[in-house]
Amino acid sequence: QVQLVESGGGLVQPGGSLRLSCAASGSIFSINVMGWYRQPPGKERELVATITFGGFTNYADSVKGRFTISRDNAKNTVYLQMNSLKPEDTAVYYCNAHISPRVGQWYDYWGQGTQVTVSS
């Protein structure tokens, strides 16, 4: 059984910063891409950023230059540093990981989501 547990969400004022963390645990043989997605109120889930095992990153245009994704492969953990937050960044943020629980098998796993609210 594989679990992704997120932490770090909350309420922040515009211009502020937050750091999200997501730790994968359980039966894990290997992890490929890890990433963050978000679902704003009344909208569909969208990509925020992804990072490969080797550290290659990809960002949504709306967060480039403000958000930084990173990972610690030894800890099976991915982070999202969010700076210069805007009200439009308000959303539930979900962690995603492409994980092999055993050789030859790969699955997508999701965290439970953490609320980020940017408001004065």
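## The disulfide

How many disulfides does the structure hold? Just one, and keep in mind that this is a predicted model. The bond runs between C22 and C95, with the sulfurs 2.1 Å apart. It links distant parts of the chain: C22 sits in strand 3 (residues 18-26), C95 sits in strand 9 (residues 91-102), and the two cysteines are 73 residues apart.

If you care about handedness, the torsion about the S-S bond of C22 and C95 is about -80°, so this disulfide is left-handed. What about solvent? C22 has 0% relative accessibility, so it counts as buried. C95 also comes out at 0%, which puts it in the buried class because the cut-off is under 20%.

## A buried glutamate beside it

Next up is E6, which belongs to strand 1 (residues 2-7). This acidic side chain is buried, yet it has no salt bridge. Which side chain of opposite charge is nearest to E6? That would be R45, at 7.8 Å, whereas a salt bridge needs the charged atoms within 4 Å.

So what does the side chain of E6 reach? One target is the backbone nitrogen of C95, at 2.5 Å. Another is the backbone nitrogen of G113, also at 2.5 Å. The C95 contact brings us back to the disulfide, since C95 is the cysteine bonded to C22.

The wider surroundings of E6 are worth a look too. Setting aside neighbours within four places in sequence, E6 touches both cysteines of the disulfide, C22 and C95, among others. Its contacts also include S21, W36, Y93 and Y94. Further along the chain, G111, Q112, G113 and T114 are in contact with E6 as well.

## Aromatic pairs

The structure has two aromatic pairs. In one of them, Y37 and W110 meet edge-to-face, with 5.1 Å from centre to centre and 65° between the planes. Y37 is in strand 4 (residues 30-39) and W110 is in strand 10 (residues 105-110), so this pair ties together parts that are 73 residues apart in sequence. Neither ring belongs to a buried residue: Y37 is partly exposed, with a relative accessible area of 21%, and W110 is partly exposed at 38%.

The other pair is Y107 with Y109. These rings are edge-to-face too, with centres 6.4 Å apart and planes at 75°. As for solvent, Y107 is partly exposed, at a relative accessible area of 39%.

## Two positive phi angles

Now for some backbone oddities. Most residues other than glycine have a negative phi. Which way does N76 go, positive or negative? Its phi is positive, about 50°, although N76 is not a glycine. You'll find N76 in the loop between strand 7 (67-72) and strand 8 (77-82). With a relative accessible area of 24%, N76 is partly exposed.

S84 does something similar: its phi is near 50°, again a positive value in a residue other than glycine. Where is S84? It lies in the loop between strand 8 and strand 9. S84 is partly exposed, with a relative accessible area of 40%.

Definitions and conventions
Residues numbered from 1 in each chain as written. Predicted model: local features only at pLDDT ≥ 70, side-chain atom pairs only at ≥ 80, totals over all residues. Heavy atoms only, no water. Disulfide = S-S within 2.5 Å. Helix = DSSP H or I, 4+ residues; strand = E, 2+ residues; numbered from the N terminus. Buried < 20%, exposed > 50% of the residue type's maximum accessible area, 1.4 Å probe, protein only. Lys, Arg positive; Asp, Glu negative; His and termini not counted. Polar contact = N/O pair within 3.5 Å; in protein donor to acceptor, adjacent residues only side chain to side chain. Contact = heavy atoms within 4.5 Å. Phe/Tyr/Trp six-rings, centres within 6.5 Å; stacked < 30°, edge-to-face > 60°.
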